[in-house]
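Biologist: I'm new to reading protein structures. Could you walk me through one, feature by feature?

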Amino acid sequence: MLNPNDTLYFHSIAYDGYHNRYWNSVKQQCGEGGQFFIDIARKFTPSRLVSRNGDWSLPWQQEIIPEFEMPAYDPSFSKTYEQVTDERAQWVRQEIAQGKKFAIMYSGGIDSTLIMAALIKNLTDEEKTSILVCASLHSIAENPTFWKKFIQDKFKVIDSGNLKYDYLIEQGYIPITGDTGDTIFGTVMGLGIYANYDFYISELSPESKSHLESIKTEISNPDVHFSNYKDIILRHFKLDGSPDFPELFYRKLVKNINTSTVPVNSLHDFFWWEIFNTKYLNCAVRGALYFNDRVDCKTAIYTIIDWFHNDDYQRWSMVNNNNGQKIVNAINNYKMAARNYIWNVDRNDWYKHFKLKFLSLSSIAGTQPVDHLDPTRYPAKRVGVTKDFEMLYLDDPGVKEFFLTNLQNYKIDW
Amino acid sequence: MNPNYKNLYVFEDGTKKRNGIYSPAIDRFILVDDYDYHVTLQTTELLTSKLSLVAWVLPPGAEEMTNDNCLNYTFVDKTTIKVGQATMSQSRHITQIKFGNPENKIYNAGPNPAFAQGDSADTLGKLIEYANYVHTVSYAISIIEPFMATALSNTKRFGDAYVPSAWTANLELAPDRTGLDKGILFELKHILYMSDSIEEAAGAIIDVWKNNPDDKAVVIYYFYYLLGVEIPEELKFTQTALPKTISWWLF
């Protein structure tokens, strides 16, 4: 039975309709700290943030799974994105040579298209027979030209609509995902501001509006510190019923940045760091924990390969801020280094200039439990993982007490 | 009955509603149409091979936006506009049409600076040119389909729409008499979906007609008449036997 002093490897508070009432009742029993922590989930469900570098207090004890610790910042790292990507594909080649076979979760989005482009570029036709492409009609619709030219009749394809990672693992495949692709380049949170910049500043004071208008195109300029954008960041963090949340959340992020060992300067750096540091674990393990019912979570975490989760991609990410490779100045040039890599393979101008970031995982992997009907084991009930890799379900003994006790004791410490 | 469907076509003052195509990536409208939102939705779907788009029945207050200046126009507040469960900037390629209401205010924001110069500007220029071409062909296809129904002999559409599968289990229903898997109009739409330029699409369309000329003299005639262009030289051979029963409904 879970004890309030136990250490976790993962936690999840989700406002997804299933447990809103429960978390609302917990919130009513908490002080300012616990209320703030639940508000993170109200604003950015699901809340699974944990720091890999710098201060980020949590209501409970939690450690980073060693596999996902952040590599040391190395300002001299000089490999290009293309080089890191080609080396990743070469690693797949070596594994295929040893008899391994891989299943690519292909949504048609930038991350999974990058993976496919790298394999198309680096693998022989014979080696490609060890690749299974998991796709849906959405995958085709996102990039039909790529599908026609490079996938149709060239790779084995399986309908991903009703499959989960457990099926692929049981069939002997090593699933490859691009789930941490966002962490390498930045974040959906930032794109939300960039897409609504003019509207947000229209609500601000004339002085603030004028200042923010003058720096609108400087989102990836390291000489324009992110604090210049504080007013629009706070607007983006606005949460009904919690007027203090934006300032509290901003200050928590700033404290984390100020205590980290990696330079964070521009507005895009600010949002990049939020996902590269505090949201990385979620991106890296959510597939294993929520799109898998049968394989134990430790096996799933260590079997599923996240293409972008290796030291070189992370080191590249830490030394390539504000040089036009992550974003130039707008949502249509986000992930520019990946767009360029793909373009060098497919020469598709439309995709390079117009592709937007979508939420892909749920469109290519089944979310419904398919092999059992026990509602207490539904993915939505999964709220954490212990340090012994035991999956925690909300209704398990001690779990609700664990969250309530720790949230009640949590204090604002920033 | 007091049906409300007319609200989709006219405002309260009787002014006809227009429609358009919005691009989240460009954050501007790329096309405005005065006539038929069904055709605009089809054009939107055909263009989603290039980028994600959302078709709109335009809200009130967008009267100044035309097909000539729509690249300057966008929504004031996009934060509350959802496409399915996603925000509009994350709307997927399998798209839909949205009906604008007075809260969806549109304003002249000027051109998007992210597409002001370089490759992105060139690609945007090609997109607008191609979008207008696709919309014109989309109209031609959409008009031909019902008006030429008997000439096309699309038994499959009728069967799928009105007859239970069991009734036609031993019958062969076909989209037309060409023998093409999904019929000739599908071929035209697929060409528009997959082509990269007007030249590429127009050439491929000629090839489709040229390779399937039987019983198509009138259809081909109307198709190019609706586009407002001469029948291409390569297809003139199809026009030697226009039936005397031709209905000159377009004149």
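Modeller: Let's go through chain B, then chain A, then the place where they meet. Keep in mind that this is a predicted model.

Biologist: Okay, chain B. How many helices and strands does chain B have?

Modeller: A good way in is to list the building blocks. Chain B has seven helices and eight strands. Its C-alpha atoms fit in a box of roughly 55 × 55 × 35 Å along the principal axes.

Biologist: And what share of the residues in chain B count as buried?

Modeller: Burial is judged by counting neighbours. In chain B, 38% of the 251 residues count as buried. You can also look at how contacts link up the chain: among those between residues at least 6 apart in sequence, 67% join residues at least 24 apart.

Biologist: What order do the strands take in the open sheet of chain B?

Modeller: To read a sheet, walk across it strand by strand. Here you'd go S2-S1-S3-S7 in chain B, four strands with mixed pairing. At the edges sit S2 (28–33) and S7 (97–99), each of which pairs on one side only. On average, neighbouring strands in this sheet are turned by 30° against each other, ignoring direction.

Biologist: Can we zoom in on one pair? How many bridges join S3 of chain B to S7(B)?

Modeller: Three bridges link S3 (residues 54–57) to S7(B), and the two strands run parallel. For one concrete example, find B:Trp56: its bridge partner in S7(B) is B:Lys98.

Biologist: Now helices. At what angle do H2 and H5 of chain B pack?

Modeller: For a helix pair, check the angle and the spacing of the axes. H2 (residues 118–147) and H5 (residues 184–194) of chain B pack at about 170°, with axes 11 Å apart. An angle over 145 degrees counts as roughly antiparallel, so that is the label for H2(B) and H5(B).

Biologist: Which residues of H2(B) and H5(B) meet?

Modeller: From H2(B) come B:Val134, B:Val137, B:Ile141 and B:Glu145, and they meet B:Leu185, B:Leu188, B:Lys189 and B:Leu192 of H5(B). Sorted by class, that contact has six nonpolar, no polar and two charged residues.

Biologist: On to chain A. Which domains does the assignment give for chain A?

Modeller: A domain doesn't have to be one unbroken stretch of numbers, so look for plus signs. Chain A is assigned domain 1 (7–63 + 387–409), domain 2 (81–184 + 281–364) and domain 3 (188–278). The centres of domains 1 and 3 of chain A, taken over C-alpha atoms, are 25 Å apart. Their contact takes 13 residues from domain 1 and 15 from domain 3. The domain 1 side has five nonpolar, three polar and five charged residues.

Biologist: Let's try a single residue. Is A:Gly241 buried or exposed?

Modeller: Exposed, because A:Gly241 has 7 C-beta neighbours inside 10 Å, and 12 or fewer is the cut-off for that label. You'll find A:Gly241 in the loop between H13 (230–236) and H14 (245–258) of chain A. Its C-alpha atom is separated by 28 Å from that of A:Asn277, 36 residues apart along the chain.

Biologist: Last one: how many residues of chain A are in contact with chain B?

Modeller: With an interface, count both sides. 23 residues of chain A are in contact with 25 residues of chain B. H6 (137–142), H7 (144–151), H11 (197–202) and H20 (349–354) of chain A each supply at least two residues to the chain A side. H20(A) gives the most, with four. By class, the chain A side has eleven nonpolar, eight polar and four charged residues.

Conventions
Residues numbered from 1 in each chain as written. Chains lettered and ligands numbered in written order. Predicted model: local features only at pLDDT ≥ 70, side-chain atom pairs only at ≥ 80, totals over all residues. Axes fitted to C-alpha atoms, helices over the stretch in contact; angles between N-to-C directions. Parallel < 35°, antiparallel > 145°, perpendicular 65-115°, else oblique. Contact = placed C-beta atoms within 7 Å. Nonpolar A, V, L, I, M, F, W, Y, C, P; charged D, E, K, R; others polar. Buried ≥ 20, exposed ≤ 12 C-beta atoms within 10 Å, placed from the backbone. Pairing = 2+ DSSP bridges.
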